[in-house]
Amino acid sequence: MTSFESFFSALKKSLDTPNAYEVWPDFEPHFEEQEYAWTTLRSLGEVLLLNCGSCDGPSDTRHNKCRDCADHRTELASQSYQKATSRPKQKWNIIVFCRIYSE
């Protein structure tokens, strides 16, 4: 169980609403579509970083909205990668959801 799942499970218990939602409450994705970057990390290879910004989602691809978001943005990043390197990107070794905040 992830920390998000544990938190939301505890929240249902606290509110005495065991059927409020299955694993996560519903949310509306909130992110900038073009906020991604790739880098090479030792022993991991090329890693895609997706900035989730201020999204309230669980950052877990088991959630349909997170999966759809990751799939769409991964495709955009792959297209950008091909433009920048002149090589196609079939698959990213690792995809990392992160939240980068700046003032």
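User: Which residues lie nearest the centre of the largest cavity, and how many line it?

Analyst: Happy to start there. F27, C52, C55, C66 and C69 lie nearest the centre of the largest cavity, and 14 residues line it in all. Please keep in mind that this is a predicted model.

User: What makes this space a cavity?

Analyst: A cavity is a set of points where a 1.4 Å probe fits but cannot get out. The largest one has a volume of about 80 Å³. With the cut-off set at 30 Å³ or more, the count comes to one cavity.

User: Which element gives the most to the lining of the largest cavity?

Analyst: That is α2, with four residues.

User: Where does α2 sit relative to the sheet, then?

Analyst: First, the sheet: it is open and has three strands in the order β1-β2-β3. Its edge strands are β1 (36-41) and β3 (94-98), each of which pairs on one side only. On average, neighbouring strands are turned by 30 degrees against each other, with direction ignored. Helix α2, residues 64-85, packs on this sheet and touches β1, β2 and β3. The helix direction makes about 70 degrees with that of β1.

User: Why is the pairing in this sheet called mixed?

Analyst: Strands of a sheet can pair either parallel or antiparallel, and here both kinds occur. β1 and β2 run antiparallel and are joined by six bridges, while β2 (residues 45-51) and β3 pair in the parallel sense over five bridges. At least two bridges are needed for two strands to pair, so the six between β1 and β2 satisfy the rule, and the five between β2 and β3 do too. Taken together, the pairing is mixed.

User: Which residues stand opposite each other in these pairs?

Analyst: Between β1 and β2, T39 stands opposite V47 and L41 stands opposite G45. On the other side of β2, L50 has F97 in β3 as its bridge partner.

User: What makes β2 largely enclosed by the rest of the structure?

Analyst: A residue is buried when its relative accessible area is under 20%. Five of the seven residues of β2 are buried, so the strand counts as largely enclosed.

User: Why is I95 called partly exposed?

Analyst: I95 lies in strand β3. Its relative accessibility is 36%, and partly exposed covers the range between under 20% and over 50%, so the label follows. Leaving aside neighbours within four places in sequence, I95 is in contact with L48, L50 and T74. The C-alpha atoms of I95 and L49 are separated by 6.0 Å, although the two residues are 46 apart along the chain.

User: And S78: what makes it count as buried or exposed?

Analyst: S78 is in helix α2. At 10% relative accessibility it falls under the 20% cut-off, so S78 counts as buried. Not counting residues up to four places away in sequence, S78 touches K89 and W92.

User: Which residues make up the largest nonpolar core?

Analyst: There are eight: Y36, L48, L50, A70, L76, A77, Y81 and W92. Both β2 and α2 supply at least two of them, and the largest share, four residues, comes from α2.

User: What makes such a set a nonpolar core?

Analyst: Its members must be buried nonpolar residues joined through side-chain atoms within 4.5 Å. In soluble globular proteins, nonpolar side chains tend to be buried together. As for the surroundings of one core member, A70 touches L50, T61 and F97, not counting residues up to four places away in sequence.

User: Why does the phi of S43 deserve a second look?

Analyst: Most residues other than glycine have a negative phi. Phi of S43 is near 70 degrees, a positive value. S43 sits in the turn of the hairpin formed by β1 and β2, which has three residues between the strands. With a relative accessible area of 74%, over the 50% cut-off, S43 is exposed.

User: What about D16, is it buried or exposed, and where is it found?

Analyst: D16 is found in the loop between α1 (3-14) and β1. Its relative accessibility is 64%, which is over 50%, so D16 counts as exposed. Phi of D16 is near 55 degrees, again a positive value in a residue other than glycine.

Technical notes: Residues numbered from 1 in each chain as written. Heavy atoms only, no water. Helix = DSSP H or I, 4+ residues; strand = E, 2+ residues; numbered from the N terminus. Axes fitted to C-alpha atoms, helices over the stretch in contact; angles between N-to-C directions. Contact = heavy atoms within 4.5 Å. Buried < 20%, exposed > 50% of the residue type's maximum accessible area, 1.4 Å probe, protein only. 1 Å grid on protein atoms, 1.4 Å probe; cavity = no way out; pocket = protein on both sides within 12 Å on 5 of 7 lines; lining within 4 Å. Points joined across faces, edges and corners; volume = space filled by probe spheres on them.
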